[in-house]
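The following paragraphs lead the reader through one protein model, element by element. Please keep the sequence and the coordinates in view while reading.

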Amino acid sequence: MVGAIYPAIQNLCLAARGYGLGTSITGMHTMYGKEIDAMLGVPPEYANLILIPMGYPKGRWARPDRKPALQVTFWEKWGVQRNSVAD
């Protein structure tokens, strides 16, 4: 069931982006889990698996540069590309 949280996390991050907020998904806090749970007041019967820092970024904040899908998609096996969807 642990993996079931990831669709919700993705939706939260996408919604935050729509409001101009930046997010970062991290699980590195688990090495200090007890201390962080105590600081946040998380009851012991709950697991704190992921933290999502969120805030308004400084500097440039725009749509990320992305290559067209056909430049980064492989067909049938690694490295095989097609020029168009009709190929």
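In which loop is M31 found? M31 lies in the loop between β1 and α2, the latter covering residues 33–40. The model discussed here is a predicted one. With a relative accessibility of 57%, M31 counts as exposed, because the cut-off for that class is over 50%. M31 also belongs to a nonpolar patch on the surface, which it forms with M28 and Y32. Together, these three residues have about 400 Å² of accessible area.

The loop between β1 and α2 also holds H29. In contrast to an exposed position, H29 is buried, since its relative accessible area is 7% and the limit for burial is under 20%. When neighbours within four places in sequence are left aside, H29 is in contact with I36, N48, L49, I50 and L51.

The last of these partners, L51, is placed in the loop between α2 and β2. A relative accessible area of 25% makes L51 partly exposed. Beyond its neighbours within four places in sequence, L51 is in contact with S24, I25, T26, H29, I36 and L40. The C-alpha atoms of L51 and G27 are 6.3 Å apart in space, although the two residues are 24 residues apart in sequence. I36 thus appears among the contacts of H29 and among those of L51.

I36 leads to helix α2, where G33, I36 and D37 are buried. These residues lie on the same side of α2 because they cover an arc of only 100 degrees around the axis. The face turned away from this buried side carries K34, E35, A38 and M39, which are exposed. After α2 comes G41, whose phi is positive, near 75 degrees.

Helix α1 can be read in the same manner. It spans residues 5–18, has 14 residues, and reaches 20 Å from its first C-alpha to its last, close to the 20 Å expected at 1.5 Å a residue. The buried residues of α1 are I9, C13 and A16. They share one side of α1, because the arc they cover around the axis is only 65 degrees. On the other side of α1, the residues A8, L14 and G18 are exposed. The cover over the buried residues of α1 includes two strands, β1 (22–23) and β2 (54–55). α1 is followed by G20, which has a positive phi near 85 degrees.

A positive phi is also found at E76, with a value of about 70 degrees, although E76 is not a glycine. Where is E76 placed? E76 is in the segment after α3, the helix of residues 69–72. With a relative accessible area of 79%, E76 is exposed.

One further position in the loop between α2 and β2 deserves attention, namely Y46. Is Y46 buried or exposed? At 55% relative accessibility, Y46 counts as exposed, whereas L51, placed in the loop between α2 and β2, is partly exposed. Y46 and A62 are 16 residues apart in sequence, and their C-alpha atoms are 37 Å apart in space.

Conventions
Residues are numbered from 1 along each chain as its sequence is written. This is a predicted model: local features need pLDDT of at least 70, side-chain atom pairs count only at pLDDT 80 or more; totals for chains, interfaces and linings use all residues. Side-chain values use heavy atoms; hydrogens and water are left out. Helices (H or I, at least four residues) and strands (E, at least two) are DSSP runs, numbered from the N terminus. The expected span of a helix is 1.5 Å times one less than its number of residues. Buried means under 20% relative accessible area, exposed over 50%, partly exposed in between (1.4 Å probe, protein chains only). The arc is that of the directions from the helix axis to the C-beta atoms. Contact means heavy atoms within 4.5 Å. Patches are made of residues with over 30% relative accessible area and no salt bridge: like charges are joined within 9 Å, nonpolar side chains (Val, Leu, Ile, Met, Phe, Trp, Tyr) within 5 Å. Accessible areas come from the Shrake-Rupley method with a 1.4 Å probe; for residues, only the protein chains shown count as cover. A salt bridge is a side-chain nitrogen of Lys or Arg within 4 Å of a carboxyl oxygen of Asp or Glu.
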